[in-house]
Amino acid sequence: MPNGIIVIDKTADWTSMDVCAKLRRLLGERRIGHAGTLDPMATGVLPVFVGRATRAVEFAESGEKEYLATLRLGVTTDTQDTTGAVLSTAPAVCTGADLEAVLPQFRGEILQVPPMYSALKVNGQKLYQLARKGRTVERQPRAITIFALEVVERLSDTEYALRIRCSKGTYIRTLCHDIGQALGCGGVMASLRRTEAAGFTLAQAVTLEQVAQAAEEGRAEALLCPVDDFFRAFPALRVEGRQEALCRNGNPFPADAPEGRYRVYGSDGAFLMLGQCKNGEMRTVKSFFSV
C-alpha cells in the first residue's frame with residue numbers, strides 16, 4: 001500500500017478535500033490527509049500525507065507558510081476577497097509609499113479577527129454557515145505571527161503583489177482587508193498562491209493531472225517522498241536487537257544519545273518512529289512502522 005507524502009500544486013476552484021478525494025481514487029488508499037487548508041480560489045502548495053504517513057499531519061499543520069497574494073485596494077467585500085459581494089468602494093488614492101508606511105504595523109506578532117467566511121466553529125456551527133444565512137457573530141482576536149511582509153510588485157494603480165511568510169492560523173484575505181482599512185480605502189485579496197507549506201515548496205509540487213498520468217502508467221507511488229524526509233531536521237538513530245524490539249512494542253528503551261528528538265530506524269533501515277530522548281531513555285513521540 002502507498003505510504004508517503006505527495007506535494008500537490010492545487011489549482012483554483014478545487015477544495016483541499018476535493019484534492020484528497022481525487023488522490024484516494026488515483027492512489028487506491030483511503031488514509032489520506034492534507035496539511036493546511038487552501039480556499040477554492042487559492043492555488044499552490046498542498047502537502048498531502050498518504051497511508052501510514054497521515055500520522056505526521058499533526059506536525060505539519062503548525063509549520064510556517066509562505067504566500068504570494070494580490071492586494072486590491074478601493075473595495076471591501078463580505079468574504080474579504082474578490083469572490084464575495086461588494087460592501088463598499090472608495091478611491092484608492094494611496095501611493096506605493098503609503099502602502100509601505102502601513103506594513104510595519106502588520107509585521108511580527110499581531111492580533112487578527114477571523115473572518116466570518118471561515119471554517120472556525122462558534123457554538124458548534126461553522127462561521128461560514130452562519131455567514132451564508134446573513135448572520136454575524138462576535139469573534140475573538142487571535143494571536144498570529146507575520147514573519148515577512150513585503151511588496152513584490154506594483155501591478156496597477158490599485159493592485160500590489162505581496163509576499164507573506166506567516167504562522168499557522170493566518171488569514172491572508174483578512175490581512176489584505178486590514179491593510180486596506182489602515183489605508184482608509186478598503187482592500188481585498190484578489191489572488192493567492194501558496195509557495196511553501198510544512199517545509200515543502202512549489203519546486204517539489206506536482207499537479208493532479210501529473211498524478212493521474214503517473215497512475216495510468218503504474219508509477220504514481222514514485223511521486224511520493226518518504227515520511228521521514230519531513231523529519232530530516234532531526235538526527236537519525238539506528239537501533240537493533242532488544243532496543244528495536246522494545247521500540248516496535250511501543251516501550252521506552254535505553255539510548256546513548258544527547259537529549260532531543262530523533263528519527264529512529266530499525267536494523268533493516270526501516271523508519272520506525274519519531275522519538276524523544278531524555279536522561280538516556282528514548283520514548284515514542286509517533287510511530288510510523290507497519291505492524
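These notes go through the overall build, the charges and the strand pairing of this predicted model.

1. **Make-up.** The protein has 7 helices and 18 strands. Along the principal axes, its C-alpha atoms fill a box of roughly 70 × 50 × 40 Å.

2. **Burial and contacts.** The protein has 291 residues, and 47% of them count as buried. Here buried means under 20% relative accessible area. Now take the contacts between residues at least 6 apart in sequence: 65% of these join residues at least 24 apart.

3. **Surface.** About 14,200 Å² of the protein is exposed. Carbon and sulfur atoms supply 48% of that area.

4. **Charges.** There are 35 positive and 33 negative side chains. How far apart do the centres of the two sets lie? They are 7 Å apart.

5. **Strand β3.** This strand covers residues 43-50. Of its 8 residues, 8 are buried, so β3 is largely enclosed by the rest of the structure.

6. **Antiparallel pairings of β3.** Strand β1 (residues 4-10) runs antiparallel to β3, and 7 bridges join the two. To find this pairing in the model, look at V7, which stands opposite P47 in β3. Strand β2 (residues 32-34) is also antiparallel to β3, with 3 bridges. Here G33 is the residue to look for; it stands opposite F49 in β3.

7. **Parallel pairing of β3.** Which sense does the pairing of β3 with strand β12 take, parallel or antiparallel? It is parallel, over 2 bridges. Strand β12 spans residues 187-197. T43 marks the spot, standing opposite R193 in β12.

8. **A five-strand sheet.** Elsewhere in the list of strands, 5 of them form an open sheet. Their order is β14-β16-β17-β18-β15, and the pairing is mixed. Why is one side of β14 and of β15 left without a neighbour in the sheet? Both β14 (236-238) and β15 (253-254) stand at the edges, and each has a single partner strand, so one side of each is left free of a neighbour there.

9. **The β14 edge.** The pairing of β14 with strand β16 (residues 260-265) is parallel and has 3 bridges. Within it, L237 has V264 in β16 as its bridge partner.

10. **Reading the side chains.** One general point helps when viewing any of these strands. In a regular strand, side chains alternate between the two faces of the sheet.

Conventions
Residues numbered from 1 in each chain as written. Predicted model: local features only at pLDDT ≥ 70, side-chain atom pairs only at ≥ 80, totals over all residues. Heavy atoms only, no water. Helix = DSSP H or I, 4+ residues; strand = E, 2+ residues; numbered from the N terminus. Buried < 20%, exposed > 50% of the residue type's maximum accessible area, 1.4 Å probe, protein only. Contact = heavy atoms within 4.5 Å. Areas by Shrake-Rupley, 256 points an atom, 1.4 Å probe, with all protein chains shown as cover. Lys, Arg positive; Asp, Glu negative; His and termini not counted. Charge placed at Lys NZ, Arg CZ, Asp CG, Glu CD. Pairing = 2+ DSSP bridges.
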